[in-house]
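Here is a protein chain, followed by questions about the terms used to describe it and the values behind them.

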Amino acid sequence: MATILGQNQYGKAENRVVKITRDGDTHHIKDLNVSVALSGDMDDVHYSGSNANVLPTDTTKNTVYAFAKEYGIESAEQFGIHLARWFVNSQEPIQRARIRIEEYAWDRIATSDANSKFIGSDEVNHSFVRKGMETRVTQITYDGQNWEVISGLKDLIVMNSTNSEFWGYVKDKYTTLQEAYDRILATQVSGRWRFNWTDDEQRMPNWEKSYAETKKHMLQAFAETYSLSLQQTLYQMGSRIINHRSEIDEVRFSLPNKHHFLVDLEPFGLKNDNEVYFAADRPYGLIEATVLRDGADARIPVDMTNL
């Protein structure tokens, strides 16, 4: 049976690069995990093994580290744009580059007011602690003319200890869940948002400010929504972002419902007045949806597992 080659790509995945910027005695850290995927005129290497059009994956790795020095890392998005543009424009066989980046955030360690016996606390500007919250992510795709930038975050755990209900749902012979009029609502946010910046003629967003403001509006919507369902909260989070950030046209969330069940304390002669809960890690409800600016197309993949 005859076969033909379908979609293909190659590159170097998970290049860990840490860039230290030294501003006198004050240092700044950018900590990235960069994955490069290239595609284009690559039929021969699959059919015959000819590497004539193949840029070695080791070269893509070296480029990541060289660009960290040459361009610095202003933001994950800007760094990915530099890389994608270089691979497409510098190598004729390469027609499309996709750069995926995870960014790991660090906080500066606050020091004491009193002088240390080793070093004055006012001189310590180079010590950091890894943040234990979300991981920032971005994916940059470039085909020589058009850009697509999808950014977001994952593993951000949030909770409302009240102002959440769940009742009035469908019940059948297998339903045992009791209606709740005051419950804990908690989730581990995985979210992506697509920018409407698509070509070099447009004004490029301020990537760092955009991320900070998008996260702010998302969290404010979670905190300020009196929730009758996690679906309602998800929609409010996406809508708040779209309405406040003109550079974003599409938002997609995947929100596992981190269930908290009231513990039955009656066997011990105790009344549980919405105070003691069992935090169940699985199984969990999984709520997913896309929120769009009116007139925009949905382009963020439904399955964000590898995005």
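Accessible areas come from the Shrake-Rupley method with a 1.4 Å probe, and for residues only the protein chains shown count as cover. This is a predicted model, in which local features need pLDDT of at least 70 and side-chain atom pairs pLDDT 80 or more, whereas totals for chains, interfaces and linings use all residues. Residues are numbered from 1 along each chain as its sequence is written, and side-chain values use heavy atoms, leaving out hydrogens and water.

Q: How much area does the chain expose, and what share do carbon and sulfur atoms supply?
A: The chain exposes about 17,800 Å², of which carbon and sulfur atoms supply 48%.

Q: Why is W167 called partly exposed?
A: Buried means under 20% relative accessible area, exposed over 50%, and partly exposed in between (1.4 Å probe, protein chains only); W167 has 42% relative accessibility, and therefore counts as partly exposed. W167 sits in the loop between β7 (147-160) and β8 (185-195), where strands are DSSP runs of E with at least two residues, numbered from the N terminus.

Q: Why is E14 called exposed?
A: The relative accessible area of E14 is 57%, so E14 is exposed. E14, which lies in the segment before β1 (15-23), has a positive phi of about 55° although it is not a glycine.

Q: Why does D155 count as partly exposed?
A: D155 has 36% relative accessibility and so counts as partly exposed. This residue is found in strand β7, and D155 has a positive phi of about 65° although it is not a glycine.

Definitions and conventions
Helices (H or I, at least four residues) and strands (E, at least two) are DSSP runs, numbered from the N terminus.
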